[in-house]
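User: I should like a close look at a single helix of this model, followed by an account of how the rest of the chain is arranged. Please treat the matter formally and in connected prose.

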Amino acid sequence: MTPTRIGFIGLGLMGGWMVKHLLASGHTVMGFDTNEEKINALLGDGLTPIKQLSEMPKMVDVIIFSLPTSKIVSEVVHQSLRLIENPVKDLVLIDTSTADPRLSKELAEEVSNSGMYFLDAAVSGTSEMCKAKDTLFMVGGSESRYNQWAELFKDMGRESVFMGESGTGSAIKLVVNLVLAINRMGMAEGLTLAKMAGIDQAKALEVLKKSAAYSKSMDQKGSRMVERNFYPPIGHLSTHYKDVQLMVSYAGSLYCPVPAISLAAQALASEMSKGQHDRDSSAIICYYDGLITPSKTY
């Protein structure tokens, strides 16, 4: 697409790679992060740093967020960018965070009432997939604005799909992550059964990948589980736990039964209670290690 002036807030594992792809596509990117090291790491790629967030809205055509929670996104929109009290007509805000669909809808309404546009554009994929531009953007909001910026999503990832009204992009991300989380836990449980049956876990993983049980989780997390290789993390256990808690909460608001993911939440809570926050999310297998060898620390 035509080179665009983009504001980007949140330059972490996912955001940093999205910014690199945007810069490589010829866009001007003005970025901000509370961690100055993350800003400095992108200067060589052409990032223009922004010191005061309140200055960003009038300098760009679109602002993209890659932040830990939708609550933080809302705080940035209200308090740092001051967009509700000082709106910039037709400015487009794109939230790529793993968001609460309820808060996405609320923020979209506020932004719309101020003459701007809000797209909840959740991302499916790990940071490694983001690096390879192999991510999927699932977008909710105005379809006309999605169509206007569809090429921008292609500049950041593999493809995008329009889901419907505001909040649906965030909601489908929770659906995707719910299935993914259950896949990971199922793999950990299967590898544990293999171990108890006297089967080498590496051999068991090899068979699983060739079987009808295969899933991408086996490629992304399988060897890490077998080798107990949790550093450096591709995705933190603490982030995975936060996302699973959000799934359970959102499902509860819809009176939707989710027993399998609720059990996964308890298993993750068990590992979090042991201080394993900074491990890779594949460390869910340690929950099973603790059940079969409770005296051993992994």
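Which residues of helix α3 (residues 70-80) are buried?

Analyst: The model is a predicted one, and what follows is computed from its atoms. In helix α3 (residues 70-80), the buried residues are S70, V73, V76 and V77. Viewed down the axis of α3, these buried residues fall within an arc of 115°, so they line one face of the helix. On the other side of α3 one finds K71 and Q79, both of which are exposed. The cover over the buried residues of α3 includes three strands, β1 (5-9), β4 (62-65) and β5 (92-95), together with helix α4 (101-113).

The residue R82 follows α3 and has a positive phi, near 55°. R82 takes this value although it is not a glycine. Its place is in the loop between α3 and β5, and β5 is among the elements that cover the buried residues of α3. R82 has a relative accessible area of 43%, and is therefore classed as partly exposed. A second residue other than glycine with a positive phi is Y255, again with a value near 55°. Y255 lies in the loop between α10 and α11. With a relative accessible area of 77%, Y255 is exposed, because the exposed class begins over 50%.

Beyond β5 the chain enters the loop between β5 and α4, where T96 is placed. T96 has a relative accessibility of 5%, so it counts as buried. The side chain of T96 reaches the backbone oxygen of F65 at 2.7 Å. F65 belongs to the span of β4 (62-65), one of the strands that cover the buried residues of α3. Leaving aside residues up to four places away in sequence, T96 touches M18, I64, F65, S66, A121, A122, V123 and F137.

The surroundings of α3 may now be set within the whole chain. The chain has 12 helices and 8 strands. Its 298 residues would give a compact globule a radius of gyration near 19 Å, and the chain has 20 Å, which agrees. Along the principal axes, the C-alpha atoms fill a box of roughly 65 × 45 × 35 Å. Buried residues account for 49% of the 298 residues. Of the contacts between residues at least 6 apart in sequence, 67% join residues at least 24 apart. The chain exposes about 13700 Å², of which carbon and sulfur atoms supply 54%.

Charged pairs also link separate parts of the chain. Side chains of opposite charge can pair when their charged atoms come close. The count of salt bridges comes to 14. One of them joins the side chains of R158 and D134, with 2.7 Å from N to O. This pair links distant parts of the chain, 24 residues apart: R158 is in the loop between α6 (143-156) and β8 (159-164), and D134 is in the loop between α5 (127-131) and β7 (136-140). R158 counts as partly exposed, at 37% relative accessibility. D134 also counts as partly exposed, at 26% relative accessibility.

Another salt bridge is formed by D280 with R224, whose closest N and O atoms are 3.8 Å apart. D280 lies in the loop between α11 (259-272) and α12 (285-292), while R224 lies in helix α9 (residues 216-227), so the pair ties together parts that are 56 residues apart in sequence. Both D280 and R224 are buried.

The side chains of D289 and R228 meet in a further salt bridge, at 2.9 Å from N to O. D289 belongs to helix α12 and R228 to the loop between α9 and α10 (237-253), so this pair ties together parts that are 61 residues apart in sequence. D289 has 1% relative accessibility and therefore counts as buried. Salt bridges that share partners also join D134, R158 and E159 into one network.

The loop that holds R228 also contains P232, between α9 and α10. The peptide bond from Y231 to P232 is cis, with omega near -10°.

To return to the part requested: α3 carries its buried residues S70, V73, V76 and V77 along one face, with K71 and Q79 exposed on the other side.

Technical notes. Residues are numbered from 1 along each chain as its sequence is written. This is a predicted model: local features need pLDDT of at least 70, side-chain atom pairs count only at pLDDT 80 or more; totals for chains, interfaces and linings use all residues. Side-chain values use heavy atoms; hydrogens and water are left out. A salt bridge is a side-chain nitrogen of Lys or Arg within 4 Å of a carboxyl oxygen of Asp or Glu. Helices (H or I, at least four residues) and strands (E, at least two) are DSSP runs, numbered from the N terminus. Buried means under 20% relative accessible area, exposed over 50%, partly exposed in between (1.4 Å probe, protein chains only). The arc is that of the directions from the helix axis to the C-beta atoms. Contact means heavy atoms within 4.5 Å. The radius of gyration is taken over C-alpha atoms; the globule rule is 2.2 Å times the number of residues to the power 0.38. Accessible areas come from the Shrake-Rupley method with a 1.4 Å probe; for residues, only the protein chains shown count as cover. A polar contact is a pair of N or O atoms within 3.5 Å; within protein, one must be able to donate a hydrogen and the other to accept it, and residues adjacent in sequence count only if both atoms are side-chain atoms.
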